[in-house]
Structure formats: structure tokens, C-alpha cells
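The following exercises are to be worked with the sequence and the structure in view. Each task is followed by a solution in steps.

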Amino acid sequence: MHVTIRLFARLREVTGASDLTRSIPDGSTAGDAWQALVAEFPPLADHTRSISVAVNEEYAKPATTLRDGDEVAFLPPVSGGCEANERSE
Amino acid sequence: MMVTSAPLDVAAVAAAVAGAHDGAVATFVGLVRDHNAGRRVLWLDYEAYAPLAVKTFEQIAAESALRWPDAPIAIHHRIGRIEVGETSVAIAAASPHRADAFAACRYAIERVKQIAPIWKQEHFEGGEVWIEGATADPADDEARTLAFARACT
């Protein structure tokens, strides 16, 4: 099956693309799609523990099963929200 | 609720929430400042997953409405290159009395910072860096409680 992968900020810079279409095995999860992407772009491995996942424009879990035509987005940490950032503003 | 590359109009955000029964509109305007972490900032580039960001803003409004049902909020966020002194985010909350408007507005910006899928790249003298904070799960009650606490102090 084919899925569209959306990448943002740092992740987009690593791959050089904000949109990718990839073929992955039926029954793959969002986490499986990420691992396939890491295999293709090894520097992404550094981000495995910090990313969030969205499927079809809704927040999801790595265990979420994908279907043909799904859009899966991998999101680096958002730009605000930690104490240190807020104190500096 | 809006994510746009166009300059933000704070008066329009306020007008979007104010009705005849409201006696107060509180607004929050986030600006690009000229310094951060000891660096001289030249400009910021904001990037969003726009459809999810708008849905996140709707979720924040729904959360706010549980606590302040008479204080509707509107959130407009700009993306792309934003110069020092320009507005990156504008939030308005309206209510019959000022206390709820202030609280709902504060809550909204706290939650935007926690959960909105929006990233900023700081361009400073000598380089650029993605500014990242902790990602809060939108369903994380602890983060939501913290935002409520900040709104009510």
C-alpha cells in the first residue's frame, strides 16, 4: 500500500522534502513507517524518541495501523511549551 | 481559527469573538523580539501543519469553554518569515465581565505553546536554529491542568 508522509521543521530538512510517498507492507503501523524512513534517512534516528505522530490530520500513536492512502505526519517537538522557553519571553 | 502567511489583524480577531452581551475583550499578541538566549535575532520562520493546527485551536477553544462557557476565543497564527516587531500570534477572548476574558485568553496562549503543531526557526547573526520545547500530548491532563493553573493566577 502507499502512504503519504509529511515532515516538518528539522525532519523536513533531514530528508529534503516535506512530502514523500512510500510503499509499505499492508498492516504497517505509523511506527513501522517511521522505521522505514529511518532506514532510508539514517540521521532521522536521532529524532525517534522526540517525535509525535498524526494520521490523516489527527494525533495518533505509533501503534496506529495505517491504511492505503493514509497521510502520516511526523512532528518534531513544538516551538514553545517548556518552562525555560517561557521564562525567556 | 486561522493559520495564515498574511500579516495578522488583531482588531479582526477581537471582532470575531465580541458580541453585544460582552463587556470585555482580552487580547494577547505575540511578537517577534530582537533577542533570544543571548543572540541578536534577525527574523523568525514559522512552519505549521496547518490543518492539524486549526483542529488543535478548536480543541483549545472546547477545553476553554468547559471552564469559561461565556468566553469564546479566537486564535490566529501567522507562518512564514516574520520580522522583528511583527505579530506571530493573536488571540482574543470576549466575556460579559473582564475576569473570564483575561483567564480564557491566558489559557489559550499557554495551550497553543504546549500542543499546537507549529515550529519556529530563529535566524540570528551568525546562523539559524530550530527552537524546540517539550511536546505535550494534546490528551495529557497534566499539561492541561498546568495551563489552567497559569490562567487562574
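**Exercise 1. Place strand E8 of chain B among its neighbours.**

Task: Which residue of E8(B) is the bridge partner of B:Val41, and which strands pair with E8(B)?

Solution. The model is a predicted one.
Step 1. The bridge partner of B:Val41 in E8(B) is B:Phe124.
Step 2. Strand E4 of chain B, residues 39-48, pairs with E8(B) in the antiparallel sense, over 7 bridges.
Step 3. E8(B) is also joined to strand E9 of chain B, residues 127-131, by 5 bridges, and these two strands run antiparallel. Within this pairing, B:His123 has B:Glu128 of E9(B) as its bridge partner.
Step 4. The hairpin of E8(B) and E9(B) has 2 residues between the strands, and B:Gly126 takes a positive phi near 105 degrees there.

**Exercise 2. Determine how far E8(B) is covered.**

Task: Are the residues on the two faces of E8(B) buried or exposed?

Solution.
Step 1. The strand spans residues 118-124 of chain B, and 7 of its 7 residues are buried.
Step 2. One side carries B:Ile118, B:Lys120, B:Glu122 and B:Phe124, while the other carries B:Trp119, B:Gln121 and B:His123; all of them are buried, and both faces are thus covered.
Step 3. B:Phe124 also has a charged neighbour: B:Arg39 lies over the face of its ring, at 4.8 Å from the ring centre. A further arrangement of this kind places B:Arg81 over the face of B:Trp43, at 3.7 Å from the ring centre.

**Exercise 3. Describe an aromatic contact between the chains.**

Task: What is the geometry of the aromatic pair that A:Phe8 and B:Trp119 form?

Solution.
Step 1. A pair of aromatic rings is described by two quantities, the distance of the centres and the angle of the planes.
Step 2. Over all chains, the structure holds 6 aromatic pairs. A:Phe8 and B:Trp119 form one that is stacked, with 5.0 Å centre to centre and 20 degrees between the planes.
Step 3. This pair crosses between chains: A:Phe8 is in the loop between strand E1 (2-7) and helix H1 (9-15) of chain A, and B:Trp119 is in strand E8 of chain B.
Step 4. Both A:Phe8 and B:Trp119 are buried. Ring pairs link these two residues with B:Tyr49 into a cluster.
Step 5. As to confidence, the predictor gives the complex an ipTM of 0.86 and a pTM of 0.91. Chain B averages a pLDDT of 94, and 97% of its residues score at least 70.

**Exercise 4. Examine two alanines with a positive phi.**

Task: Where do A:Ala9 and B:Ala37 lie, and is each buried or exposed?

Solution.
Step 1. Most residues other than glycine have a negative phi.
Step 2. A:Ala9, although not a glycine, has a positive phi of about 50 degrees. A:Ala9 lies in helix H1 of chain A. It counts as buried because its relative accessibility is 1%, and the cut-off for buried is under 20%.
Step 3. B:Ala37 also has a positive phi, near 50 degrees. B:Ala37 is placed in the loop between strand E3 (35-36) and E4 of chain B. Its relative accessible area is 63%, so B:Ala37 is exposed, the cut-off for exposed being over 50%.

Note on methods
Residues are numbered from 1 along each chain as its sequence is written. Chains are lettered from A and ligands numbered from 1 in the order in which they are written. This is a predicted model: local features need pLDDT of at least 70, side-chain atom pairs count only at pLDDT 80 or more; totals for chains, interfaces and linings use all residues. Side-chain values use heavy atoms; hydrogens and water are left out. pLDDT is the predictor's confidence in each residue, from 0 to 100. Buried means under 20% relative accessible area, exposed over 50%, partly exposed in between (1.4 Å probe, protein chains only). Helices (H or I, at least four residues) and strands (E, at least two) are DSSP runs, numbered from the N terminus. Two strands pair if DSSP finds at least two bridges between them. Rings of Phe, Tyr and Trp (its six-membered ring) pair if their centres lie within 6.5 Å; planes under 30 degrees apart count as stacked, over 60 as edge-to-face and the rest as tilted. A charge sits over a ring if NZ of Lys or CZ of Arg is within 6 Å of the ring centre and within 35 degrees of the ring normal.
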